[in-house]
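Welcome! Here is a short, friendly briefing to read alongside the sequence and the structure. Keep both in view and look for each residue as it comes up.

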Amino acid sequence: MAEGGARRVVADPTGVTTRAELAANLDALRRQRGLSYDEIAKASRSPERTGLPAIGKSTVADLCTKGAPRADTLRSFLVACGVSMADQAQWMAAAHRAQAGENDPGEITVRVEDADPRHLGVHAAIAAGQHDRALPTYVLRDTDDVKRHPDGLRARVAAAAATGGFVLIVGGSSVGKTRSAYEAVLDLVGSWRLIHPGGPDELVALAKTKPSRVVVWLDEIQRYLTGDKGLTGATVRKLLAGDGPVLLIGTVWPNRYNTYVNSRAEDWDPFRRQREVVELADVVHLGEHFTPAELERARAIASEGDARVALALKSRQYGMTQVMAGAPQLVDRWEAADPYQRAVLSAAIDATWLGVEEPVTAVLLHAAAPGYCDSRERATAAETWFDDALAYATELRHGATSALLPQASDDGRLGRAAGYVVADYLLQYAGGRRKAKPPQSFWDACLTYLTDVDELKNLALSAHERSLLGYTERLLEKAADIGDRDATDRLVRLLIEQNRVMEAIIRLRPVADAGDHEATWWLIDLLVEEGDVDAALRRLGPLAASGDAKAVDVVTDLLAEQGDVGELRRRAAEGDQLAALRLAELELGNGLADEALARLRALGDAGNHEARQLLIDVLAENGRLKDLRTLADETGGLAAWALARVLIESGRVREAISRLRAEVTTEQDRHHLAVILVERGKVDEAIAVAAPDMDDRYAHWLAGRLAEQGRVDEAIDLLRPFANGLSYEAVERLAEFLAQQGKVDEAIDLVHPYTLIENPVLKSRHLDDLYRKLLARSGNIKALEELGNNGDVPALLQLALLHASRGSLAESIAILQPLAEGGYVWAAIHLTELLAENGREAELLTFARQGIVGASDRLADLLEARGQAHEAERLRTFGLNPDGTIASAPSEG
């Protein structure tokens, strides 16, 4: 018997099914080996145990009491306890059974101080001597200085540690984002527990547990944002509303961040959900190169004996962190590649950029790569071309990284790669210099070998952006056939855009037949649009019979559209007010005014507001002044206002105002009367009526009406008293009127103070935009350049438009093109419009193939303007082929 009379558990993992059982057996193993928590923690830090994380004393205690370890943590524990490799398999299987049986996302099994930074995404560093697996000494970044940078990384993390928060680090590949994040949380919240979620579903589950004092590690946050079930703003807010402070910390590349934030224009907003998430974060930007102060700190570390820091400092072409991560070797791999090696790398890079989220499989690479070679290269390729190219791409360079990183298969077999991931820096370097225009072999390979619905939809979006509508359709078809509802919706919309409505109906029918309510209504709408009202009514019948009010109303509207007076009379007689209203409308159209008016009066008296409004409108439009007076005397309200409009139209303004005095009892009524007067062109009378309680909103509106009459100076005088403080609309309109009168400098002086406001609650984007436009209107290139150099992209857009207006097209394109390629939608729109206006067909085609927003549409417009209407219509309907030619049928492209 053990101390206290308790029976000691004999360590046997074979019968473990729960976490409690696993914890008891791990503790029994520890006791059998005669090891304390501290001794196991020390043994885990042995330099001979390469490839496994060191674990702290507190983590050992958690293993022996809670039994919910990560795989690498458990393996470290077992090795420290002297368990053989053969016996470790039984323990790993036991842990898997325990986790599967009690999957609790709120149970987090590693503290920040015990986490292995390599497992969190910190890049391996180049080799420069012995013991190189350990991380190089961290060089403090300027953003780590809380006093000098109150909006820096450490300050943001400290604030989040106090009250909860979300910190997002934006920076290029290998600039030190992940290492800086790790060092910040290690320093400030090292004792907190850490979760590194495998996907967004784990975050949803975690939020339900209301966590406290937890770091949620979101390195490469784009992995959590893709797909239909990607991370949402609601989940982030719920995580931050836990029982205690929660810190979400993530990293992202600038181009991806810009895509999320700036890829929207009018009704085109494909990244709305992603933008909602990243806009909840406190953003910290990390530069590509070290500052002088950071370099000085690095030199001090190098002088103390850190050989890798010393080696990295020797490079003049790359930043220090980039050298550490092997960036020069990756670039050399890319630049020195032969055609076959380049083809394999290009296919992997394109697949990753265009939406393949899992490791890219060898079979996909093998099928995609030939299209990247020319005909001679394909004809002379050796039989081993692919194996040779793959070996080149996966060769480890300087002990740090390879161009393609093999990923282990799920079956646990050694020497078997499930696929390959492109090294971050190479992905950014090659992808940034080679905008994806994949060959047909790439799209065919994706269509053949991809089976994940999110990846298929990602590739479909990329194909659609490049006007490859045939591939868009086939990729969506494959995802829809797997059973993805969203893919079906996208496919139906595509078919409708191509005027293939019957095919869209055929696609929707089985979904509607399966009971999908949304699909049923969409199908009904399409049937009505196609004129198949009988089929629509057959679909509506069961819905209406079940009490669906919307279905009942739609049936009534369809009966009215068909002119079925008899059925409408029957329904009206049964008390259906909508049927009675539609019957009255038909009677009006058939010249039966008296019957219709009587019916409308009865409905209005019964409280039907729509009928009452229609009655008033009919009386006013037909000049039935006597009936309208009677109705106004009886009911007041809307009838009285309608009567006033009729009186004003006939020139009897005083009578109208006198008539309305009883109605004008509030400020809203007074402004309503002012609106009526303005509608009749009587602006002066409207100003007189509104004057007693004029506010900035109505002054703004009335000034606009004066301007419409060409009385801009009077509009300016009316606005001046209101254009101050927080009356942003009045300030904006006054500045516009001043500029219209040639007083641009005065307008700039009026708006400029508002651009200096830093409080996001008080900040006005409209006034910021107006300020940039006014600078452009004044021709102030220097001011716009200064704003642009400080990261103000909208200022760069105005600068580009200014250059274009002066005939400097090359300078305008030089500004707009990198912005468009970086994901700024408005830059793409302006760029493609300029190219179309100047007949630059070849460049528009290039940009269309790269997926630049608006390029395909503007190319079609240009073709049409040149008299090539048939080609323009083909482009709009069927899109492009991968080689850049215009498709001629749905099966192409």
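The largest cavity holds about 50 Å³ of space. The structure shown is a predicted model, and a search through the whole of it finds two cavities of 30 Å³ or more. From the cavities we move on to a pocket, some salt bridges, a surface patch and a few single residues.

**The largest cavity**

- Which residues line the largest cavity? They are Lys-437, Pro-438, Trp-443, Arg-466, Leu-468, Arg-849, Asn-881 and Pro-882.
- Sorted by type, this lining has four nonpolar residues, one polar residue and three charged ones.

**The second largest pocket**

- The second largest pocket contains about 2200 Å³ of space.
- Its lining is made of 41 residues, and the ones nearest the pocket centre are Val-261, Asn-262, Arg-765, Arg-772 and Pro-794.
- Six elements are worth finding here: α11 (254–262), β5 (282–285), α43 (765–777), α44 (781–789), α45 (793–805) and α47 (825–837) each give two or more residues to the lining of this pocket.
- Which element provides the largest share of the lining of the second largest pocket? That is α43, with seven residues.
- By type, the lining of the second largest pocket divides into 17 nonpolar, eleven polar and 13 charged residues.

**Salt bridges**

- Side chains of opposite charge can pair when their charged atoms come close.
- In this model, the count of salt bridges comes to 44.
- One of them joins Asp-792 and Arg-772, whose closest N and O atoms are 3.0 Å apart. This pair links distant parts of the chain: Asp-792 sits in the loop between α44 and α45, while Arg-772 belongs to helix α43, 20 residues apart.
- Are the partners Asp-792 and Arg-772 buried or exposed? Asp-792 counts as buried because its relative accessibility is 15%, under the 20% cut-off. Arg-772 also counts as buried, at 11%. You have met Arg-772 already, among the residues nearest the centre of the second largest pocket.
- Another salt bridge connects the side chains of Glu-574 and Arg-570, with 2.8 Å from N to O. Glu-574 is exposed, with 59% relative accessibility, whereas Arg-570 is partly exposed at 39%.
- Asp-861 and Arg-858 form a salt bridge too, and their closest N and O atoms lie 2.9 Å apart. Both residues are in helix α49 (residues 855–865), and because they are three residues apart there, about one helical turn separates them.
- Asp-861 is partly exposed, with a relative accessibility of 32%, and Arg-858 is partly exposed as well, at 21%.
- Salt bridges can also share partners: Asp-454, Lys-457, Asp-484, Asp-486 and Arg-490 are joined into one network in this way.

**A nonpolar patch on the surface**

- Which residues form this nonpolar patch on the surface? They are Leu-726, Val-761 and Leu-762, and together they have about 320 Å² of accessible area.
- Look for Val-761 in the loop between α42 (744–755) and α43. Val-761 counts as exposed, as its relative accessibility is 73%.

**Two residues with a positive phi**

- Ser-467 is not a glycine, yet it has a positive phi of about 60°. Ser-467 lies in the loop between α23 (453–465) and α24 (469–482).
- Asn-499, which is not a glycine either, has a positive phi of about 60°. You will find Asn-499 in the loop between α25 (485–497) and α26 (501–513).
- Their surroundings can be set side by side: Ser-467 is buried, with 8% relative accessibility, while Asn-499 is exposed, with 64%.

**A buried strand residue**

- Val-252 belongs to strand β4 (residues 246–252). At 1% relative accessibility, Val-252 is buried.
- How many residues apart in sequence are Val-252 and Gln-222? They are 30 residues apart in sequence, and in space their C-alpha atoms are 6.9 Å apart.

Note on methods
Residues numbered from 1 in each chain as written. Predicted model: local features only at pLDDT ≥ 70, side-chain atom pairs only at ≥ 80, totals over all residues. Heavy atoms only, no water. 1 Å grid on protein atoms, 1.4 Å probe; cavity = no way out; pocket = protein on both sides within 12 Å on 5 of 7 lines; lining within 4 Å. Points joined across faces, edges and corners; volume = space filled by probe spheres on them. Helix = DSSP H or I, 4+ residues; strand = E, 2+ residues; numbered from the N terminus. Nonpolar A, V, L, I, M, F, W, Y, C, P; charged D, E, K, R; others polar. Salt bridge = Lys/Arg side-chain N within 4 Å of Asp/Glu carboxyl O. Buried < 20%, exposed > 50% of the residue type's maximum accessible area, 1.4 Å probe, protein only. Patch = residues over 30% accessible without salt bridge, like charges linked within 9 Å, V, L, I, M, F, W, Y side chains within 5 Å. Areas by Shrake-Rupley, 256 points an atom, 1.4 Å probe, with all protein chains shown as cover.
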